[in-house]
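This report follows the packing of side chains and the pairing of strands in one model. Please keep the sequence and the structure in view while reading.

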Amino acid sequence: MWAFALALLLLFAPHSLGGFPQQATAGPAVVAETRFRLVRVQAGAAAREEAGRFVITDPRTTFYVPGDREVVVYFEWEGPTGPHALEALWKNPEGKVVVVSDLTYEAKQPRFGAYWKLLLTDALPRGLWTVEARVDGEVAGVFHFQVVAGQTPPPAPDVAPELTAGEIYRLATANTVFIERLDPAGLPVGRGSGFVLSPGDLLATNFHVIEAAARLRLLLADGSSVETDEVLAWNRRQNWALLRLNPPRAPGLVRARPNSWAVGDRVYSLDNPTELNRTLLDGNLIGNFAFPHVGERLDVSLSGAPSASGAPLLNARGEVIAIFLPSGAWWGHLTEYRSSYPGNMWRAGALHSMTLAIPLSILPNGVPATTTSLAHLHALGLFAEPLAESPRVNRGTVCKRVNRHGNPALVPTAEGEAFEFLRGREKEAVVFVEWDAGKGRFQSQVRIYDLDNRLKAQSRPGKLNLSDVFVHEWWTVSLAGLEAGIYRADVYVGNKPVWRTYFRVKD
């Protein structure tokens, strides 16, 4: 939780205090790294306080004289608790600081905010204004806005009003379901989320939420459950799937208009911190990316459990814009990841620790009239096999070479750990694992798959003899036969995978 810190009222006729000219465009600006992370900055001509939270009711960056009475600018940060000196520096279109407002505030929670108001008078200079917020002397946020002559244009008739956080939570939970993957015996082997789309007969989720299931159990918000083994539409690479709800069980969420969102917008989703419980997530849209192998992704400042995969990502009006994809679930297809180097998945996709969302705009406008069975998807080779529990890998990675230190009796080590390989410079990659101590004799091998789950290469089966000490094993993967792209390496024991990781090949 965060604290709504304070409200500062600033009414003035501008006067010069000196300043620093700068060029800018309307909207938020990037600031240097600081101890105080800027969570949100927003401006409007009207605002209200709701349950301890400050809400701008008409967010915009252009203001009109005499049409508007005032500009309200709100900053929200995450930072150290304790006393802080807050300042707001207002700069006129010439770049001069005309007023400085300051006070001391005791932050009792890591998230806190402040707002300032500027009275719009006929004497106020027209042009690009700047508000610079400082916390303890550090620049902690900058916002630019335009002041122009004229009357405030009426709001677009098709734009729904913003909802409160409580209203969004109730709307989201009423239309979000848990999806359990069932094995052939009917036992649950994994759980994710999904949500109902208006008019209530479609259910959207991530492809990896349904992957490798024999059947799906949908746990609806009203407490009922439905089982199905059919899928309406899907795209493995883009990581989405649509199911049919017949008859409809919820009113459904309304889709936002395509491209109606922008970096900086406030967004909401649902987490699943404990079994079958939902909590509200709120943050901002902080980036927009187009990945050559999987398509468009939105980067959001949210963090959720892997079982929150498939939950809706909503805008401030309660419209769904994307399918939530928590960082723990990756953008790939397998939540049963079992490695001591989870960074492989991020770095292989050049994603690092991003939390992403799949925009609904990449889904088809129309859907087929008929469904396809999960068994048929499995027969098409679209499902990666779930990981077996035993035997277990203690740790593993992808590297460039293995060092035996010139002595076979010494413990081998992976050297040159890498998650990207250049075909023009490197001829091979090495998959290296350290097996947990145990007993048994097995056959092991590594298999390489592309993002379409097509087998691209595999090693010959080798002998694996586990003992009461760690056993090391590695396989060399030739890059000559692999095109540029992202690949999955599965380590098999017998006919079951027990460990997997990802790497990228680049030209």
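In this predicted model, Phe-75 is in contact, its neighbours within four places in sequence left aside, with Leu-38, Arg-40, Val-41, Phe-112, Gly-113, Ala-114, Trp-116, Val-131, Ala-133, Gly-141, Val-142 and Phe-143. Phe-75 is also one of the residues with the most contacts inside the largest nonpolar core, a group that further includes Val-73, Trp-77, Trp-90 and Phe-145. At least two residues of this core come from each of several strands, among them strand 3 (37–44), strand 7 (70–78) and strand 12 (138–150). A second core is separate from it and includes Ala-388, Val-433, Ile-448 and Leu-464.

| Nonpolar core | Number of residues |
|---|---|
| Largest core, with Val-73 and Phe-75 | 31 residues |
| Second core, with Ala-388 and Val-433 | 26 residues |

Turning to strand pairing, an open sheet of seven strands runs in the order 17-16-13-14-15-20-19 with antiparallel pairing, and its edges are strand 17 (225–228) and strand 19 (233–235), each of which pairs on one side only. On average, neighbouring strands of this sheet are turned by 30° against each other, direction ignored. Within the sheet, strand 13 (residues 176–182) and strand 16 (residues 215–219) are joined in the antiparallel sense over five bridges, and Ile-179 stands opposite Leu-218 in strand 16.

Glu-180 belongs to strand 13. Its relative accessible area is 7%, so Glu-180 counts as buried, the limit being under 20%. The side chain of Glu-180 makes a polar contact with the side chain of Arg-191 (2.5 Å). Residues up to four places away in sequence not counted, Glu-180 touches Pro-188, Gly-190, Arg-191, Arg-215, Leu-216, Arg-217 and Leu-219.

Terms used: Residues are numbered from 1 along each chain as its sequence is written. This is a predicted model: local features need pLDDT of at least 70, side-chain atom pairs count only at pLDDT 80 or more; totals for chains, interfaces and linings use all residues. Side-chain values use heavy atoms; hydrogens and water are left out. Two strands pair if DSSP finds at least two bridges between them. Helices (H or I, at least four residues) and strands (E, at least two) are DSSP runs, numbered from the N terminus. Axes are lines fitted to C-alpha atoms, for helices over the stretch in contact, and angles run from 0 to 180 degrees between N-to-C directions. Buried means under 20% relative accessible area, exposed over 50%, partly exposed in between (1.4 Å probe, protein chains only). A polar contact is a pair of N or O atoms within 3.5 Å; within protein, one must be able to donate a hydrogen and the other to accept it, and residues adjacent in sequence count only if both atoms are side-chain atoms. Contact means heavy atoms within 4.5 Å. A nonpolar core is a set of buried Ala, Val, Leu, Ile, Met, Phe, Trp, Tyr and Cys residues joined through side-chain atoms within 4.5 Å.
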